[in-house]
Amino acid sequence: MKIKRAFTSVIAGFSIAVGCLAINNLSANAATTQNGVTNDQINQYVNNATLEQKVGQMYVSRTPQDPNQVKNDVSKYNLGGLIVYDADMKGLTQQQFKDKMKSFQDSAQTPLLVGVDQEGGLVSRLTHSGLVQQNGNQFAFPRKQYEEGGMKEVVDDAEKNATLLRSLGINWNYAPDADYSTKPGTFMWDRTFGQGYQQTADYLSKVVPAWQHDNLVASTLKHFPGYGDAADTHTGFAENSKSLTELENQDMVPFKAGMKAGADSVMVTHVIYNKIDPEYPASLSPKINSLIRNNCNYNGVIVTDALEMGAITDFAKEHGNASVDVLAVKAGNDMIMTTDYATGIKEIVSAVKAGEIPESQINASVTRILQLKNKLGLLKPENLMFRKPTNNNNNNTSTIINPGNTDHKNPSVISENNSITISGITYNNDKKVAFINGKVSDPAAEGSMIMTATSANTGKKITTAVVGGKGVFAIELPMTNEVQNVKITSDDDSYAAVTTKVEAIKADKPVVNTDQNNKQNSSTEKQTNKQNNSVKDEVNITLNTEKQANSAKKNTQVVSKNINSEKTTVTNPVYKSAIKTNYQGKNVITTSHDSAAHAVAQKSNNNAKVLPKTGTKENIVALFGLAITSTTALFGLALRKKN
């Protein structure tokens, strides 16, 4: 009986335990259904959404300063997220900012990821904007928090700040910084944890869960694969020469620890890693992105750093103004941080339709984005149903206003403490592009402030640039045939505008030949004239000359066909140059020994071909062959005249 009673008790206990577990599971499923969506619902959305709607979800844009534009564009383009900066917070109470964010969310069919750079220290949008007051070390750089209060203070402040961000309507933080810098004074030094690679890894394993507690805020590991001691990508190119092995054993160690701790996203830097991909910045490099998926086995959201930064605008200009949005998707990024969604969405859609990007890749990215939104408690079933875009402008038009431009007016007055200083103007080699270099007085403006160059005469906007580290900026603008008076303003109107002058394009100076070039030209001319005179009396000799030339083409290394131009120069390693002269509709090949180059226009109308370079032995044979050919031709001419 005792055994039976004991067995009955065990069974009862087990049944209760299973029952509790079942209830917990039902509760969890009920919560998912009531407060979120299922994976099946996400998959159904991805399968039914238009390509344009899906690509729209991949965009995180700097928040436009016209609230109506935000509401209209969020709905029209189905944007995935916004990033807020100082300009979006200045002059507002916390309640006003919350209401502002809520109005944006209300305009979105699919709720927005609202991101911010809240690392601490100089990269603290909350305190720098004045939206939140400084409170001891709560908003300091983690390096300082750790030095003064140890890891407990770092973790506690991360938890408090995550709760604060969500209460303000922000659900995505572009922190913590997983970089490690070895040199004080470098661009990233202050923002790093500063305790070595493994210590940084230990820090991330603790701070990531703190930032992401209760799924209030998504955290971001940046700037993959490790910024190191590179220069500031806000203002131009930056390079890192570490090998893959060095990165794996050093810079990527903290990132892997943060990923293992469950980080929701990873941000890719714009630094160029010469020994991995010497052509593309990391954010546009498939080789770098593959390290995240394949080397680190990470399946969270990958987001680019802001594509408006100087490193990327410089890259685009050097590559024929290539679509960096398309390149970013081709590289493997899930989300693109940029403001040109109106153009970029069309370009990406076209690339997909052209077969350059698989639609399955787009689907995978959107699935990750929606799963993150669901984890943050943003999604409801109705958010995945389709509705027509709403228009919040009274005139039913969408006026595109560049985010961060001077249309935004903060409710502040010009401050004597805020100033813009022009440190100098430099020009490129051909004097057609000018670079206005300057600095704003607030070093914490890094990444958040936009400088705008306008014509002081017409008021027309020319271009913009993002402020970099220590408040430094570099504005690149095209020169004109006249001197330009350029007005430089900030999107923070507490800074007084400054005006500077940019030189006019100078007329190109005539090219003066050196003595060597003169000799070369003279020699070439003599050779041409000599050959022309040899055929001047009898046009038919050209046919014989062409026939003889073709018989020796293996030795002379030149293949010619009729050309339309009067004269075309083609160089050859044996004779240094070969000149085709059109004489009365026929081509005659002459040679010169004066040019040192070897070039043939491969796409010219005559379809000229370059044969492999020959050695000394072949050159001697070629010269001997040409000599025989020329002698035979002249001897034939003499016989004809005699007859």
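A residue is called buried here when its relative accessible area is under 20%, exposed when over 50%, and partly exposed in between, using a 1.4 Å probe and protein chains only. By that yardstick, 47% of the 643 residues in the protein chain are buried. Please keep in mind that this is a predicted model, in which local features need pLDDT of at least 70 and side-chain atom pairs count only at pLDDT 80 or more, while totals for chains, interfaces and linings use all residues. Residues are numbered from 1 along each chain as its sequence is written, and side-chain values use heavy atoms, with hydrogens and water left out.

## The chain as a whole

The protein chain holds 19 helices and 24 strands; these are DSSP runs numbered from the N terminus, with H or I and at least four residues for a helix, and E and at least two for a strand. A contact means heavy atoms within 4.5 Å. Of the contacts between residues at least 6 apart in sequence, 70% join residues at least 24 apart. The accessible surface comes to about 31,100 Å², and carbon and sulfur atoms account for 51% of that; the areas come from the Shrake-Rupley method with a 1.4 Å probe, and for residues only the protein chains shown count as cover.

## Two neighbouring entries in the helix list: α7 and α8

How far apart are the end C-alpha atoms of α7? Helix α7 (residues 142–167) has 26 residues, yet its ends are only 22 Å apart, short of the 38 Å that a straight helix would reach at 1.5 Å a residue. The expected span is 1.5 Å times one less than the number of residues. Helix α7 also has a kink of about 130 degrees, centred on G149, where the bend is the angle between axes fitted to the seven residues ending there and the seven starting there. Just after α7, G169 takes a positive phi of about 100 degrees.

Helix α8 offers a friendlier case for the ruler: its 15 residues should span 21 Å at 1.5 Å a residue, and its end C-alpha atoms are 20 Å apart, which agrees.

Both helices have buried residues. In α7 they include P142, R143, V154, V155, L164 and L165, and their cover includes β3 (113–116), β4 (118–120), α6 (125–128), β6 (172–173) and α8 (197–211). In α8 the buried set includes Y197, Y203, L204, V207 and W211. The buried residues of α8 pack against β4, α7, β6, β7 (220–224) and α10 (252–260).

## Nonpolar cores

In soluble globular proteins, nonpolar side chains tend to be buried together. A nonpolar core is a set of buried Ala, Val, Leu, Ile, Met, Phe, Trp, Tyr and Cys residues joined through side-chain atoms within 4.5 Å. The largest such core has 109 residues, and L126, F224, M259, I348 and I362 touch the most other members. Leaving aside residues up to four places away in sequence, I348 touches V55, Y59, D325, V326, V329, I336, I357 and I362. A second, separate core of 19 residues includes A434, M451, V467 and F473.

## Backbone details worth a look

Two cis peptide bonds involve β7 or the loop after it. One runs from K222 to H223, with omega near 5 degrees, and H223 is in strand β7. Another runs from F224 to P225, with omega near 0 degrees; P225 is found in the loop between β7 and β8 (239–240).

Positive phi values also turn up outside glycine. D214, in the loop between α8 and β7, has phi near 60 degrees and is exposed, with a relative accessible area of 65%. N321 has a positive phi of about 55 degrees. The loop holding N321 runs between α12 (310–318) and α13 (324–331), and at 61% relative accessibility N321 counts as exposed.

## Buried polar residues in loops

R191 sits in the loop between β6 and α8 and counts as buried at 9% relative accessibility. Apart from residues up to four places away in sequence, R191 touches E119, V123, F141, D177, K222, H223 and E446. S494 lies in the loop between β18 (484–490) and β19 (498–502); S494 is buried too, with a relative accessible area of 5%.

Their side-chain polar contacts are set out below. A polar contact is a pair of N or O atoms within 3.5 Å; within protein, one must be able to donate a hydrogen and the other to accept it, and residues adjacent in sequence count only if both atoms are side-chain atoms.

| Side chain | Partner side chain | Distance |
|---|---|---|
| R191 | E119 | 2.7 Å |
| S494 | N418 | 2.8 Å |
| S494 | D492 | 2.8 Å |
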